[in-house]
Structure formats: C-alpha cells, structure tokens
Amino acid sequence: MSNPATRSKYIFRQSVAEAPSLGLAESFWALSQRPDSIADALERAVLDGFGYLEVGLREERLDETRSLLKRLPLRLIAQGWARSAEDAVVYLQRAADLSASALNLQLGNAYLSLREATDLIGEVQRAADLYGIPLLLETHRGRLTQDLFRTSELLAACPETIMALDLSHYIVAAENLAESRELFHQHLAPVLARTTLIHGRISN
C-alpha cells in the first residue's frame, strides 16, 4: 500500500512531483505568552522565512486572525478542539472562511474504544473533505491520540489519516519511554510516516 502522506490532498505542496520542503510556522498561542506584540513578532518571523501561522480558531480570535493574515504574507494552519463531529464542523467552517491550508484538530477523548475512535475519525474526515480542508489529527493527552500505542493502532485502522505530531505528550505518557526505547521507536515510525506537521517545543 502506498504511503497516503504522498497524496497531494493531504499535504501543503500542490504536486506530488515536487520535492518535499520544510515550511516554518509560528504559533499564535506561543506568541501570546511573550511580552512583545503578536504582530511585531510575526513581522520578524516573516523576515526570517516563516510562511505559516497556526491559530486556534476560537471565536474571540477570528477578527485578529483575519487582520493578521491581511497584513502579513502568511498562510493559516487552523487549530480546533472537538469532542464530536458536530464540534469539528464549527472549526471546519471557520477554517474554510479564512482559507486555511489545513485544520489541525484535537479530537475525541481518552476513553473511546478503537471502534468508536475510528468511526469518529471517519465522520470528521468526510466533513473535512466536503469543506475541502486537509485534516490533521494532533497527538495530545486526553484525546483519542493520547498515547503512542493507541495512535499507532488508529493509524493502522484509518489509512487516510494524517497527523500533527506534538511529541512532548508521548514522552510524558510513556513515562520516559516506558523503559523501552525499542518499543517507543517501533510504534513511532508509522506515526512519523503519516506526519505532515510537527510542533517544535523549546522549554523555558
């Protein structure tokens, strides 16, 4: 089976014939923790070669996000939080309205069975296809991607699912790799193969 991450529907470049390239994104959430203004920080980021802005599309952020995108040459990676497919549609609508490149979604909860989780992923993926928004599932504690073993099982069952990887959650969930680097790397490999967005965290 071909790697679905090579299909142009699920990645940010327009053609699978193009070589993969690295795009850099700033996070609205991370910038909001700094003393200087988000607009000033983004202006410097653009000069440094950043091309994307990742924003959680809560209602109170929509006007500011729209203003920043008009002011700066940045493409939007939308973020959302959804317990259900109905919740996800709210963020898909907002992402489509702002012409987002993708929606990075924290989906479900930690207590769904494998069948419940795959059904939910399928329902949200179909909605994303209707809106024409590439869907990325973010690895995050307390969600259906809460730990590495569970996520590797989900990806085996959902061959079109593409990931946004926040590896910090898996280091915590595995309690120092659960004393087995081999098992950690074994289950991380298929997740990496399906990852198109990686969160880079630098500790304070």
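**Figure 1. Arginine 66 and its salt-bridge partners.** At 27% relative accessibility, arginine 66 counts as partly exposed in this predicted model. Its salt-bridge partner aspartate 97 is exposed, with a relative accessible area of 53%. The closest N and O atoms of aspartate 97 and arginine 66 are 2.6 Å apart. This pair links distant parts of the chain, since aspartate 97 belongs to helix α4 (residues 85-97) and arginine 66 to helix α3 (residues 62-71), with their positions 31 residues apart in the sense that they are 31 residues apart. Together with Asp63, the residues Arg66 and Asp97 are linked in a network of salt bridges. Side chains of opposite charge can pair when their charged atoms come close.

**Figure 2. Two further salt bridges, formed by arginine 44 and arginine 115.** Five salt bridges are counted in the model, and this view turns to two others among them. In one, the side chains of arginine 44 and aspartate 36 meet with an N to O distance of 2.3 Å. Arginine 44 is partly exposed, at 42% relative accessibility, and aspartate 36 is likewise partly exposed, with a relative accessible area of 29%. In the other, arginine 115 forms a salt bridge with aspartate 119, and their closest N and O atoms are 3.3 Å apart. Both arginine 115 and aspartate 119 lie in helix α5 (residues 114-131), where they are four residues apart, about one turn of the helix. Arginine 115 is exposed, with a relative accessible area of 60%, whereas aspartate 119 counts as partly exposed at 40%.

**Figure 3. The largest nonpolar core and the surroundings of leucine 144.** The largest nonpolar core has 49 residues, and those that touch the most other members are Leu42, Leu57, Leu103, Leu105, Leu107, Val124 and Leu144. Helix α5 gives the most to this core, with six residues. Apart from this core lies another one, of seven residues, among them Tyr52, Ile77, Ile162 and Leu197. Beyond its neighbours within four places in sequence, leucine 144 is in contact with residues including Leu107, Leu112, Ala117, Leu120, Ile121 and Leu137, and also with Gly108 and Asn109. Arg150 and Leu154 are likewise among the contacts of leucine 144. In soluble globular proteins, nonpolar side chains tend to be buried together.

**Figure 4. Helix α6 and its start.** Which residues of helix α6 (residues 148-157) are buried? They are Leu148, Arg150, Thr151, Ser152, Leu154 and Leu155, a list that holds the charged residue name Arg150 beside several leucines. At the start of α6, a side-chain oxygen of aspartate 147 reaches to within 3.3 Å of the backbone nitrogen of phenylalanine 149.

**Figure 5. The aromatic pair of tryptophan 81 and tyrosine 91.** The count for the model comes to one aromatic pair. The ring centres of tryptophan 81 and tyrosine 91 are 5.9 Å apart and their planes stand at 75°, so the pair is edge-to-face. Tryptophan 81 lies in strand β3 (residues 75-82) and tyrosine 91 in helix α4, so the pair ties together parts that are ten residues apart in sequence. Both tryptophan 81 and tyrosine 91 are buried.

**Figure 6. Glutamate 54 in strand β2.** Is glutamate 54, which lies in strand β2 (residues 52-56), buried or exposed? Glutamate 54 is buried, because its relative accessible area is 5%, and buried means under 20%. Its side chain makes a polar contact with the side chain of asparagine 104, at 3.0 Å. Leaving out residues up to four places away in sequence, glutamate 54 touches Glu26, Ser27, Phe28, Ile77, Gln79, Asn104, Leu197 and His199.

**Figure 7. The whole chain, with its confidence.** The protein chain comes to eight helices and seven strands, and of its 204 residues 48% count as buried. Among contacts with a separation of 6 or more, those between residues 24 or more positions apart account for 73%. The average pLDDT of the chain is 88, and 86% of the residues score at least 70. Over residues 1-15, however, pLDDT stays under 50, and for this stretch the model has 36 contacts beyond four places in sequence.

Terms used
Residues numbered from 1 in each chain as written. Predicted model: local features only at pLDDT ≥ 70, side-chain atom pairs only at ≥ 80, totals over all residues. Heavy atoms only, no water. pLDDT = per-residue confidence, 0-100. Contact = heavy atoms within 4.5 Å. Salt bridge = Lys/Arg side-chain N within 4 Å of Asp/Glu carboxyl O. Buried < 20%, exposed > 50% of the residue type's maximum accessible area, 1.4 Å probe, protein only. Helix = DSSP H or I, 4+ residues; strand = E, 2+ residues; numbered from the N terminus. Polar contact = N/O pair within 3.5 Å; in protein donor to acceptor, adjacent residues only side chain to side chain. Core = buried A, V, L, I, M, F, W, Y, C linked by side-chain atoms within 4.5 Å. Phe/Tyr/Trp six-rings, centres within 6.5 Å; stacked < 30°, edge-to-face > 60°.
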